[in-house]
Amino acid sequence: MNKRTFIKLSSALMTAPLLSPLAGWAQADKLRNWAGNLEYSTDRLDLGKNLKQVQTIVKKYPKLKVLGTRHCFNDIADTKDQFISVVGAEEVMDLDTKNKTVTVNAGLKYGQLAPYLHEQGFALPNLASLPHISVAGACATATHGSGEKNGNLATAVSAFEMVTADGEVLKLSREKDGEKFNAAVVHLGALGVVTKVTLDVQPTFMMGQYVYENVPLSQLKAHFDEIEASGYSVSLFTNWAADDITEVWVKFKTNSAKPLKALPDKEFFGGKLATKNLHPIPELSAENCTEQMGVPGPWYERMPHFKMGFTPSSGKELQSEYFVPRKNAVDAILAISRMGKQISPHLFTSEIRTIAADNLWLSPCYKQDSVAIHFTWKQDWPAVSKLLPVIERELAPFNPRPHWGKLFTVSPAVLEKRYEKLPEFRELAGQMDPKGKFRNAFLNLNVFKA
């Protein structure tokens, strides 16, 4: 018998402190993104609480963009016309235990979904660094975590429901729709309003994490594959100021729910085991970070770097990120390290992560195992805007693909070469949205060459 668990969320069920779905959106008089670096071009926002409302809103407006949890650092979601949001919609989770999937409303945050999956005995394959992001928004931009065998978050999508430009409902699945499904999962907001997402789940598990400090860059050069294979998920942090990796976060599965009696090796490729919890930005308190020191906990309390309900990272920052083929990882990292004196004065930290290849057309990991080099910048756009073209030039021999939701200056012509399915995606978008209802300046420039 196909046993299903159907849960409707309410405030009584939530145990973690959560931000109100629309809290802070009407700051004074202007709508801004999470980091505050982007002021949106309109504050006109309608909330689609259910499918019928979303259809009504889509039919009402000739131009429309979906606004999620506002964690993008560029104008990929911006519009001067009208916003719709499904964050704060009627929050329902439908767990199919036989087929090992969960169907959720698109605006649900991973930090809301994960505890309930764990309670039911299930888990997601991976999570991003912070759990504050919405399921649909993260998948639409191919947001990712780490782990050389783990795909980005969009690879967990097995089906989704979308309201298209004419207000009709389109349902696509990995099983039935093949390449059209692969084309549409990472859609950049260009195809419609996603209302429901079905994700693959697996049996729940416990995790722990250790942090090692000051691993020499020479060790990374000689042992990159071994370092990346040392855990289920591995993240390397540095500010490029010295010839070392400041912190290596190693996350591992464990069968134990009790603190481990034995410590791992106190030395890790020349680095030393941390003796206290650390923040990826060494100057900041680890209070907002997930528990370290090998203390076991549920997967969703260890996979992200930051706790739900607390400000992640530094808060006021800029971000950019570039994906290079796994085979070029060390050379790309060394290329950036040679720019250390230029970069480090403007940087909070840089994170290096591995992501497995996938078949999603606009994913930065399409058909290639990848390493992502991420930059968390101080909020000084004049300085960062000058650095990005230099970084992109240094990485150019490795054909880097930028993260769609972060800051980059890669030209549309170069994007077309690096995202080989972009012309076919453009054709699909033209069929699904012939009048360009969901297009904006970002899409016109980077996807549609308008």
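**Exercise 1.** Characterise the largest pocket of this predicted model by its volume, its lining and the class of its lining residues.

*Solution.* Step 1: the largest pocket encloses about 440 Å³ of space. Step 2: its lining comprises 19 residues, of which T103, S158, A159, S173 and T198 are the closest to the centre. Step 3: two or more lining residues come from each of β5 (92-96), β6 (101-105), β8 (157-163), β9 (169-173), α4 (174-184) and β10 (193-200). Step 4: sorted by class, the lining has 10 charged, five polar and four nonpolar residues.

**Exercise 2.** Determine the geometry and the setting of the aromatic pair formed by W34 and F73.

*Solution.* Step 1: the structure holds 14 aromatic pairs. In the pair of W34 and F73, the centres are 6.0 Å apart and the planes meet at 90°, an edge-to-face arrangement. Step 2: the two residues are 39 residues apart, and the pair links distant parts of the chain. W34 belongs to the loop between β1 (4-8) and β2 (45-47), and F73 to the loop between β3 (65-66) and β4 (83-85). Step 3: W34 has 24% relative accessibility and therefore counts as partly exposed. F73, at 3%, is buried.

**Exercise 3.** Classify the pair of W299 and Y300, and place both residues in their aromatic cluster.

*Solution.* Step 1: the ring centres of W299 and Y300 lie 5.6 Å apart with the planes at 80°; because edge-to-face requires over 60 degrees, the pair is edge-to-face. Step 2: W299 and Y300 are both buried. Step 3: together with F205 and Y232, they form one aromatic cluster. Step 4: over the face of F205 lies K253, 4.5 Å from the ring centre.

Definitions and conventions: Residues are numbered from 1 along each chain as its sequence is written. This is a predicted model: local features need pLDDT of at least 70, side-chain atom pairs count only at pLDDT 80 or more; totals for chains, interfaces and linings use all residues. Side-chain values use heavy atoms; hydrogens and water are left out. On a 1 Å grid over the protein atoms alone, a cavity is a set of points where a 1.4 Å probe fits but cannot get out, and a pocket is an open set with protein on both sides within 12 Å along at least five of seven lines; lining residues have an atom within 4 Å of a point. Grid points are joined across faces, edges and corners, and a volume is the space filled by probe spheres set on the points. Helices (H or I, at least four residues) and strands (E, at least two) are DSSP runs, numbered from the N terminus. Ala, Val, Leu, Ile, Met, Phe, Trp, Tyr, Cys and Pro count as nonpolar, Asp, Glu, Lys and Arg as charged, and the others, Gly among them, as polar. Rings of Phe, Tyr and Trp (its six-membered ring) pair if their centres lie within 6.5 Å; planes under 30 degrees apart count as stacked, over 60 as edge-to-face and the rest as tilted. Buried means under 20% relative accessible area, exposed over 50%, partly exposed in between (1.4 Å probe, protein chains only). A charge sits over a ring if NZ of Lys or CZ of Arg is within 6 Å of the ring centre and within 35 degrees of the ring normal.
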